[in-house]
Structures are given as structure tokens and as C-alpha cells.
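Okay, everybody has the viewer open? Let me put the structure up, and then I'll walk you through it.

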Amino acid sequence: MKGRGLARRGIPYVVAATSGFLLAYLIVALFIFPAKLISSDQPVPNVTGIGYDSAVARLKRAGFKPKRGEQRYTTGAPEGAVLSQSPVAGAVEPKGTDVVLDVSRGQRTGEVPRLVGLTRQQAELAIQNAGLDVGDVTETENDAPRGQVLSSSPDGGARVPIPSAVSFVVSDGPATVRIPDVTGQDYAAARSLLAQLGFAVGEVRVDSTSALPPNTVIGQTPAAHSAAPAGATVTLTISAGP
């Protein structure tokens with residue numbers, strides 16, 4: 001009985017000693033190994049796809065430090081949207097970690113060059129130099145020289161996304177006209193008729209062997225009734241007379 005009483009009286013001392021040891025261990029652990037007991041690590045929030053300002057606010061609330069990274073043109077992403085982040089969303093990092101955000105500069109645009117009056121080759125080169133693509137090229141009858149650009153779509157000076165195609169229309173040259181038959185006519189009358197139809201009279205040849213009256217047209221090139229563009233030159237041969 002006496003031994004049991006002594007044991008009971010010693011219990012409080014044992015409890016006190018054990019508690020003191022545990023308390024001392026915790027104090028030492030908190031000061032020496034705090035990261036192992038109270039971790040500040042947490043997942044990085046996902047901020048891709050939202051505006052930069054909103055992303056910054058969200059990261060700061062979570063205890064991270066947002067940093068602006070690369071800015072680049074991107075198709076389909078509005079200007080200021082976050083394209084990517086590092087560390088990636090969901091990565092477990094300590095509070096205060098820098099999170100680098102790559103931001104969109106929006107859709108890159110370019111100015112359509114002014115093509116009207118250029119040749120087809122010059123227009124194609126101008127489009128390519130502007131970072132654009134050559135679209136459909138169509139031809140139409142026009143008084144402008146063959147191959148000259150008449151219009152473009154979009155118009156010159158317009159701003160369009162890159163890449164975009166620029167189409168244009170070129171002249172196929174003047175419409176063709178049937179050359180009239182002026183043989184047998186007096187030279188002056190033949191010249192007047194040709195001028196009314198838009199043709200020019202070029203070289204005049206004289207045939208001294210013809211028995212027709214002087215200045216009578218006895219031949220023409222191109223031949224009568226052949227098709228030629230308006231403004232084409234017609235060569236006449238006239239009689240020198242008997």
C-alpha cells in the first residue's frame with residue numbers, strides 16, 4: 001500500500017516533465033523548422049484567358065507576385081488577355097513566388113497598299129511586302145492598258161488583320177471592234193471613218209501600178225471585218241492613179 005501511494009504521488013511529476021519536454025520540442029521546431037510544421041505553399045490560381053489587370057488582382061489575393069512577361073500578337077485573343085503563366089495553374093508554390101504572365105497584343109493588322117494604276121506584277125509585290133496574301137485576280141474589258149489594276153478589295157489604305165487576302169481587278173484591254181472595209185473609198189473618207197470608230201491610221205503605202213483614181217484605198221492591214229482593240233493602228237494602201 002505504501003509503494004502504491006508513492007507511485008501515485010509521482011505521477012504529477014512525470015506528467016509535468018513530459019509536458020515540459022513536448023513544449024520545448026515544439027518551441028525549438030517552430031523556430032528552427034517552421035516550414036515543415038506550418039507550410040505557406042499553395043496552388044497557383046489559373047489566370048490564363050482573363051484580362052491582365054484581373055489576373056494581377058487574383059494573384060495578389062492569393063499571395064503571389066504577378067510579373068509581366070512577353071507581349072505578342074495573337075489571333076483570337078483580345079489585347080491585354082493573359083496567354084500563359086509560369087508557374088502553371090495548379091502548381092504548388094510558396095506565397096510570394098513570382099508568377100510571370102505573357103500577354104496578348106491583340107490581332108496584328110496591316111495597311112492595304114494602294115494598287116490602282118499599278119501593273120499586275122507590281123500589285124502582287126506590293127501586297128506581299130505589306131505582309132498580306134494575294135487573293136483573286138480578275139480581268140475585265142477597260143480602256144486602261146492591259147494588265148493595269150483598276151480596283152482592289154479591300155480598298156487601298158484600309159487596315160486588315162494579318163494574314164488577310166487582297167483581291168484586285170485588272171484591265172483586259174479595250175473591247176475589240178470590227179475593222180470596217182474601207183477599200184474603194186477615198187483616202188480622206190476612209191481616214192475619217194476609222195477615226196470615228198477609234199482607230200488610228202498609220203503608215204500609208206502608195207501603189208503606182210493601180211489603175212484606180214488617185215488616193216483610192218486599195219488595201220488595208222488588218223484586214224476588213226477582223227477584230228481589233230479600240231485604238232489599234234490600221235495601215236492603208238492607196239492608188240497613185242493611172
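Before anything else, one cut-off: when I say buried, I mean under 20% relative accessible area, exposed is over 50%, and partly exposed sits in between. Keep that in your heads, because Ser-171 has a relative accessible area of 1%, so Ser-171 counts as buried. And keep in mind that what you're looking at is a predicted model.

Let me stay with Ser-171 for a minute. Where is it? Ser-171 belongs to strand β10, which covers residues 165-171. Its side chain gets to the backbone oxygen of Ala-144 at 2.8 Å. Ala-144 is also one of the residues that Ser-171 touches once you skip everything up to four places away in sequence. Others in that set include Thr-140, Asn-142, Gly-147 and Leu-150.

Now, what does β10 pair with? On one hand there's strand β7, residues 133-140, which runs parallel to β10 with 6 bridges joining the two. If you want a pair to click on, take Val-134, whose bridge partner in β10 is Val-166. Then there's strand β8, residues 149-153, joined to β10 by 4 bridges, and this time the strands run antiparallel. The pair to click on there is Ser-152, opposite Phe-168 in β10.

Okay, zooming out. The protein has 5 helices and 15 strands. Of its 242 residues, 26% count as buried. The exposed surface comes to about 15,000 Å², and carbon and sulfur atoms supply 55% of that. On contacts, if you take the ones with a separation of 6 or more, 69% are between residues 24 or more positions apart.

Next, sheets. Scroll to the one with the order β2-β5-β3: that's an open sheet of 3 strands with mixed pairing. Why do I call β2 and β3 the edges? Each of them, β2 at 65-72 and β3 at 82-86, has a single partner strand, so one side of each is left without a neighbour in the sheet. From one strand to the next, the twist averages 25°. β2 and β5, the latter being residues 98-104, are parallel and share 6 bridges. One bridge to look at is Lys-65 with Asp-98 in β5.

Just past β3 there's something for those of you who check omegas. The peptide bond from Ser-86 to Pro-87 is cis, with omega near 5°. Pro-87 is in the loop between β3 and β4, and β4 is 92-94.

Now go further along the chain to another open sheet of 3 strands, ordered β12-β15-β13, again with mixed pairing. Here β12 (200-207) and β13 (217-221) are the edge strands with a single partner each, so each has one side without a neighbour in the sheet. Neighbouring strands are turned by 25° against each other on average, ignoring direction. β12 runs parallel to β15, residues 233-239, with 6 bridges between them. Arg-205, for instance, has Thr-237 as its bridge partner in β15.

What lies across this sheet? That's helix α5, residues 187-196, which crosses β12, β13 and β15 and runs at about 170° to β15. At the start of α5, a side-chain oxygen of Asp-186 comes to within 3.1 Å of the backbone nitrogen of Ala-188. After α5 you hit Gly-198, with a positive phi near 95°.

Last stop, the loops around β13. Asn-215 is in the loop between β12 and β13. Its phi is positive, near 70°, and this is a residue other than glycine. Asn-215 is partly exposed, at 40% relative accessibility.

On the far side, Thr-221 and Pro-222 are joined by a cis peptide bond with omega about 0°. Pro-222 sits in the loop between β13 and β14. His-225 is found in the loop between those strands too, with β14 being 227-229. Buried or exposed, what would you say for His-225? It's exposed, with a relative accessible area of 55%. Its phi is positive, near 75°, in a residue other than glycine. His-225 and Pro-180 are 45 residues apart in sequence, yet their C-alpha atoms are 5.6 Å apart. Setting aside neighbours within four places, His-225 is in contact with Arg-178, Ile-179 and Asp-181.

That's my tour, thanks for listening.

Note on methods: Residues are numbered from 1 along each chain as its sequence is written. This is a predicted model: local features need pLDDT of at least 70, side-chain atom pairs count only at pLDDT 80 or more; totals for chains, interfaces and linings use all residues. Side-chain values use heavy atoms; hydrogens and water are left out. Two strands pair if DSSP finds at least two bridges between them. Axes are lines fitted to C-alpha atoms, for helices over the stretch in contact, and angles run from 0 to 180 degrees between N-to-C directions. Contact means heavy atoms within 4.5 Å. Buried means under 20% relative accessible area, exposed over 50%, partly exposed in between (1.4 Å probe, protein chains only). Accessible areas come from the Shrake-Rupley method with a 1.4 Å probe; for residues, only the protein chains shown count as cover. A polar contact is a pair of N or O atoms within 3.5 Å; within protein, one must be able to donate a hydrogen and the other to accept it, and residues adjacent in sequence count only if both atoms are side-chain atoms.
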